[in-house]
Amino acid sequence: MHITINQLNKVYRGGVHALTDVNMVIPNGMFGLLGPNGAGKTTLMRILAGILRPSGGGIQVGAYNGNSDRGRIAIKRILGYLPQDLGMYPDLSAYEFLDYIGILKGMDERKKRVARVNELLELVSLSDVASRKIKTFSGGMKRRVGIAQALLNDPKLLIVDEPTAGLDPEERIRFRNLLSDLGGDRIVLLSTHIVEDIAQTCRNLAIMNKGHITFQGSLSELAYEARGKVWMVTTSGPKPEGDITVVSTMNMGTTVQYRVVGELANPQKAISVEPSLEDSYVWLMREKRISVPAEAH
Ligand SMILES: Nc1ncnc2c1ncn2[C@@H]1O[C@H](COP(=O)(O)OP(=O)(O)OP(=O)(O)O)[C@@H](O)[C@H]1O
């Protein structure tokens with residue numbers, strides 16, 4: 001299955017142009033949607049999830065046309081969605097919450113529902129604490145309950161919006177690993193403003209800014225475009241100069257090592273290095289004259 005997005009536009013009341021002529025093809029597997037806050041990621045995901053209507057353009061999810069009522073109903077059946085702000089009932093246990101959502105999703109056969117809830121609690125490593133109230137959970141545990149509710153109907157399309165925001169590094173890695181395991185025979189669409197979330201999990205990505213798609217392809221294609229623009233400079237003297245962005249600085253004792261993207265004034269003193277996703281993202285944003293917030297690194 002794949003998703004085709006064709007000339008999609010969204011203008012909110014008040015005139016904010018959140019999506020402008022978005023064209024994308026999203027294949028099976030994990031797909032990253034990367035962009036700074038306000039890029040339009042949530043808007044795009046809400047349209048795909050059938051919660052928001054576009055102002056123009058179309059979407060096709062597998063055999064279903066997202067522009068028709070029939071298509072939208074069919075898409076909802078194969079969809080799992082973890083929004084940024086999923087409301088949970090803090091006084092319910094993880095088990096009770098998942099059971100309740102299962103009922104709302106029409107899983108009427110109690111035996112099957114119980115089996116599925118237990119299977120998912122196991123998958124997200126919450127079986128041991130299944131009877132504890134959600135209000136006693138950490139952010140990462142709540143996010144894992146969130147992904148479990150999105151998986152109840154074994155969706156062919158799983159949409160997760162900024163799932164690692166606010167998690168500590170250990171929880172973030174755990175959550176990424178969980179998402180990678182889900183990629184198999186479905187589309188997992190992961191939206192984030194954190195480069196590392198995508199570097200660790202996705203093969204393909206799209207980069208968005210101010211409602212436009214600025215890149216679409218594989219991580220290696222993006223790295224290919226940034227080749228020859230990433231440098232390592234080790235110096236005991238002044239900072240490297242040129243039309244550059246410093247991606248990282250490492251103090252080595254008597255010398256300092258700079259990783260930079262761009263055109264150095266003095267490239268003879270530098271070593272050309274293979275671009276990481278972070279370097280490539282910085283390079284792309286430089287090309288498009290977009291400033292990258294520090295928290296994206
Ligand atoms: N309901 C709304 N009414 C008016 N403008 C909106 C609405 N929702 C979002 N916007 C605007 O649309 C643009 C895109 O927002 P969106 O939430 O889709 O971006 P995002 O990339 O998901 O960012 P974030 O990670 O901060 O949620 C922003 O300028 C935002 O202020």
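**Group meeting: helix α3 and the domain 1 to domain 2 contact**

Let me start with one glycine. Just after α3, Gly106 has a positive phi, about 85°. Keep in mind that this is a predicted model.

Now α3 itself. The helix runs over residues 94-104. Which of its residues are buried? Ala94, Phe97, Leu98, Ile101 and Gly102 are. Why do they sit on the same side of α3? Because they cover an arc of only 135° around the axis. And what covers them? The cover includes α4, residues 110-123, and α5, residues 139-150.

Let's step out to the domains. The domain assignment gives three entries. Domain 1 comes in two pieces, 3-78 and 155-218. Domain 2 is 93-150. Domain 3 is 223-296.

Next, domain 1 against domain 2. Their C-alpha centres lie 24 Å apart. In contact are 10 residues of domain 1 and 8 residues of domain 2. On the domain 1 side, which elements give two or more residues? Those are β7, at 157-161, and α6, at 169-182. The most comes from α6, with 4 residues. As for chemistry, that side of domain 1 divides into 7 nonpolar, 1 polar and 2 charged residues.

Last, the annotation. UniProt, in an unreviewed entry, carries "domain: ABC transporter" over residues 3-235. In the model, that span is 34% helix and 29% strand. The C-alpha atoms at its two ends lie 48 Å apart.

To recap: the buried residues of α3 share one side of the helix, and α6 gives the most to the side of domain 1 that touches domain 2.

Terms used:
Residues are numbered from 1 along each chain as its sequence is written. This is a predicted model: local features need pLDDT of at least 70, side-chain atom pairs count only at pLDDT 80 or more; totals for chains, interfaces and linings use all residues. UniProt positions are given in the numbering used here, feature names are shortened, and annotations may be inferred rather than shown by experiment. Domain bounds come from an automatic or database domain assignment. Two residues are in contact if their C-beta atoms, placed from the backbone, lie within 7 Å. Ala, Val, Leu, Ile, Met, Phe, Trp, Tyr, Cys and Pro count as nonpolar, Asp, Glu, Lys and Arg as charged, and the others, Gly among them, as polar. A residue is buried if 20 or more other C-beta atoms lie within 10 Å of its own, exposed if 12 or fewer, and partly exposed in between; C-beta atoms are placed from the backbone. The arc is that of the directions from the helix axis to the C-beta atoms.
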